[in-house]
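Subject: Structure for your review

Dear colleague,

I am passing on the structure we spoke about, and I would be glad if you read the notes below with it open beside you.

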Amino acid sequence: MPDFQIRKNPKKYEVCIVGSGAGGGMAAYMLAQAGVKVVLLEAGPMYDPRKNVTQLKWPWESLRRGASTPFRHFGDFDAAYGGWELEGEPYTHKNNTQFDWFRSRMLGGRTNHWGRISLRFGPKDFKRKSIDGLGDDWPIGYSDVAPYYDRVDQLIGVFGSTEHLPNDPDSIFLPPPKPRLHELMIKEAATKINIPVIPSRLSILTKPLPNNTDRGACFYCAQCNRGCTVYGDFSSSSVLVNPALKSGHVDLITNAMAREILTDDSGLATGVSYVDKNDLQEYEVSARVVILAASACESARLLLNSKTSRFPNGLANSSNLVGRYLHDSTGTSMGGFLPSLVGRKRYNEDGVGGMHVYTPWWLDNKKLDFPRGYHIEYWGGMGMPGYGFGFGMQNTNGKFPGRDGHVRPAGGYGASLKDDYRYFYGASFGMAGRGEAVAREDNYCEIDPNTVDKYGIPVLRFHYKWSEFEVKQARHMKETFQELIEKMGAIVTWGKDGAENDYGLETPGRIIHEVGTTRMGSDPKKSVVNEYNQAHDCKNLFVVDGGPFVSQADKNPTWTILALAMRASEYIMEEMKKQNV
Amino acid sequence: MDRRKYLKTLAVGTVGTLSAPALLSSCESPNEVAKPAGPSIDRTPAELAHEAKLMGDKFFDEHEMKTIALLADLIIPRDDVSGSATDAKVPDFIEFIVKDMPRHQVPMRGGLKWLDVHCMKHHSQAFINCSEAQQTEVLDAIAFPERAQPEVQQGVAFFNLMRDLTATGFFTSEIGLKDLGYQGNRPNQWDGVPADVLAQYGLAYDARTLDISVKYDS
């Protein structure tokens, strides 16, 4: 029998944070600035985009030319380690339903590769039940969060344009970059069919932030997903955790895979137990307050695994709603080919790491057969080739005239084929819808009674089904995309899906916006945390990831996670001062 | 510091906190910079171990590699603009990628075998030993999916894969990237589509876009 004992950290921390992504990073930053003594547990390794560099590398510097691997599902150059499957850390499904769970165990988590799309929720997004009778209203409204959105804008930086749209509130914006060529073409065609196209809203510094010498401005390499060596975009590791560590008030423990939240006889949290992934020994840290920010599903897993005689079905779960109301954004996409762009002039079209324009939701759901909206993201242009470049040329070069003006038989080989790759380069583009799903109690994650991961931690089992609402929304996306592509004078090249596959609606989890598993509310019977992200059942326990979202909105969740984590952090400090926690 | 100076310092990589050693080496042609041993991109220990194992394995035999090299150069030959697939070391890339993506192994190995058997039937020798005219005849039968005969459908499927891997290997090489004319992957100031390109497509930035978009100090 090997030596088996639990090693207790002798330090008494004021706050223990589990997870270093958007929510955990913000909490660590806010608390550290105020001098609170914090221990930050991260299940993965240290990561710093300045040291762990893939930015400005050439395709041949990857043996597989940037292709996906089991170690980095988004490709060899992507900053995010991990993916939908992690070796030795399974999850399971109930009743043959589907949910794909993306995990990135590393400092900064999934903020290291995200799309930087930084949208505020609008007034309607907090009160959907009042509008369409579905789901629930949040216990807070836009005006409660707006001051924190303002501060997140100023602390982190976001570019965009002031539009005064009713449900897409403007941020305090840095100036946006000008549209690329295909984006101008999209805008021109979309305007003709009354689809708005406005500058995108991304947390990328088109200008240096005033009073911040740690971060440089964007130099337009289009590679935000690789992490930025000058910290020109937002990732939690570079923008929040680094300054938190510099304050001297935060002890970071990496490769610390949280096992349980510890509680005392009075039912208060006392700390967290974890397994160190390096030595596989068991450890405990103690703290006055515990903040979960491990991601919506991982935090739910931790709560459900923290069973005691006092909390037989898991901590903070007297409502039996931990894990319930899980919902991800909907997603569909379509690609097109613009014959007018063949043989185009070469210039550096990289731009920022993402689209320069997008379409916010523009219609009234009362006049449609689905209750919630979606936004449209666009891509295209003369990007850097990577693995997959040129694939399927036989589907293109038989349809369009080559440089000599003649349509040749599809496929081929030799000098004329070689020239086709050059000639058709930069003429493809595409678009994707990201929509709001209705949160439902019967979409959930729970503990699988039979399965543990390699650390012996019981794993999650998912049960998730899209409803007719999401399928009808996906159909609307596809019809819109096709209309827009054809209005541009372009040809749809892929993504024409029909009822047989739910209009190409992505498997839940694929958009990586999962939220709702520890939703907030004022009624402890119908929610897990209160409006300050504080567990109803355990006053010194907080959840600051996407878990507390009541509804997802047709927006990406990160900006709201950040704003709510900032708000909760200030509440925690006030409550600590008042000796309430 | 103004934008132009900022970009210069990025390009030269000499400015304190804003520089990264990797920024310097990656902006230069790799031929001009002494590369450190091992990968030049961030790798986790698990990735390093996996790649070391793959590099130690060998998948294709000598005959298969010769066939791959010949096919690759027939697909992407040297021309006025750039070198051939083998100049860009495409066969080495294909050898690696089938080890990295085992799903390609049977289609590639079996496809190469199919090709040789097809050549044996029609020309009594393996593909690489056929005359140029015979090789052309074989490729013309399998390289054009829409007019290929049903009995060579497996050959078409193999050639589609071979074309894909060859093209990707070539255009992600230094030779291929230069051939393609890709201009990016370097620090710059994006200030919109060049004026002559806008004119070519009859497009213009509207006044509001010009007003609100980012402007540079110099």
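A crossing of two helices is called right-handed if the near helix is turned clockwise from the far one by less than a right angle, and left-handed if the turn is anticlockwise. Please bear in mind throughout that this is a predicted model.

With that convention, the crossing of helices H5(B) and H8(B) is right-handed, and their axes come within 9 Å and cross at roughly 115°. On the H5(B) side the contact is made by B:Val90, B:Phe93, B:Ile94 and B:Ile97, while H8(B) brings B:Leu165, B:Thr166, B:Gly169 and B:Phe170. Sorted by class, the residues of this contact comprise six nonpolar and two polar ones, with no charged residue.

Helix H8(B) also matters for the contact between the chains, which takes 68 residues from chain A and 65 residues from chain B. On the side of chain B that touches chain A, the largest share, six residues, comes from H8(B), and other elements that give two or more residues there include helix H1 (3-12), helix H3 (45-56) and helix H5 (90-100) of chain B. That side of chain B has 35 nonpolar, 18 polar and twelve charged residues.

Turning to the sheet in chain A, six strands form an open sheet in the order S4-S10-S11-S12-S9-S15, with antiparallel pairing. Its edge strands are S4 (198-199) and S15 (491-494), each of which pairs on one side only. Strand S9 (residues 330-337) pairs with S15(A) in the antiparallel sense over three bridges, and A:Phe337 has A:Ile491 in S15(A) as its bridge partner. Helix H4 (residues 181-192) of chain A packs on the sheet, where it touches S10, S11 and S12, and its direction makes about 30° with that of S10(A). Helix H8 (residues 468-487) of chain A packs on the sheet as well, touching S9, S11, S12 and S15, with its direction at about 20° to that of S9(A).

As for the nonpolar cores, the largest has 130 residues, and those with the most contacts inside it are A:Cys16, A:Ile17, A:Ala28 and A:Val38. Helix H9 (residues 558-577) of chain A gives the most to this core, with nine residues. Leaving aside its neighbours within four places in sequence, A:Ile17 is in contact with several residues, among them A:Val38, A:Leu41 and A:Ile291. Apart from this core lies another, of 75 residues, which includes B:Leu115, B:Ala143, B:Val156 and B:Leu180.

With best regards

How values were computed: Residues are numbered from 1 along each chain as its sequence is written. Chains are lettered from A and ligands numbered from 1 in the order in which they are written. This is a predicted model: local features need pLDDT of at least 70, side-chain atom pairs count only at pLDDT 80 or more; totals for chains, interfaces and linings use all residues. A nonpolar core is a set of buried Ala, Val, Leu, Ile, Met, Phe, Trp, Tyr and Cys residues joined through C-beta atoms within 7 Å. A residue is buried if 20 or more other C-beta atoms lie within 10 Å of its own, exposed if 12 or fewer, and partly exposed in between; C-beta atoms are placed from the backbone. Helices (H or I, at least four residues) and strands (E, at least two) are DSSP runs, numbered from the N terminus. Two residues are in contact if their C-beta atoms, placed from the backbone, lie within 7 Å. Two strands pair if DSSP finds at least two bridges between them. Axes are lines fitted to C-alpha atoms, for helices over the stretch in contact, and angles run from 0 to 180 degrees between N-to-C directions. Ala, Val, Leu, Ile, Met, Phe, Trp, Tyr, Cys and Pro count as nonpolar, Asp, Glu, Lys and Arg as charged, and the others, Gly among them, as polar.
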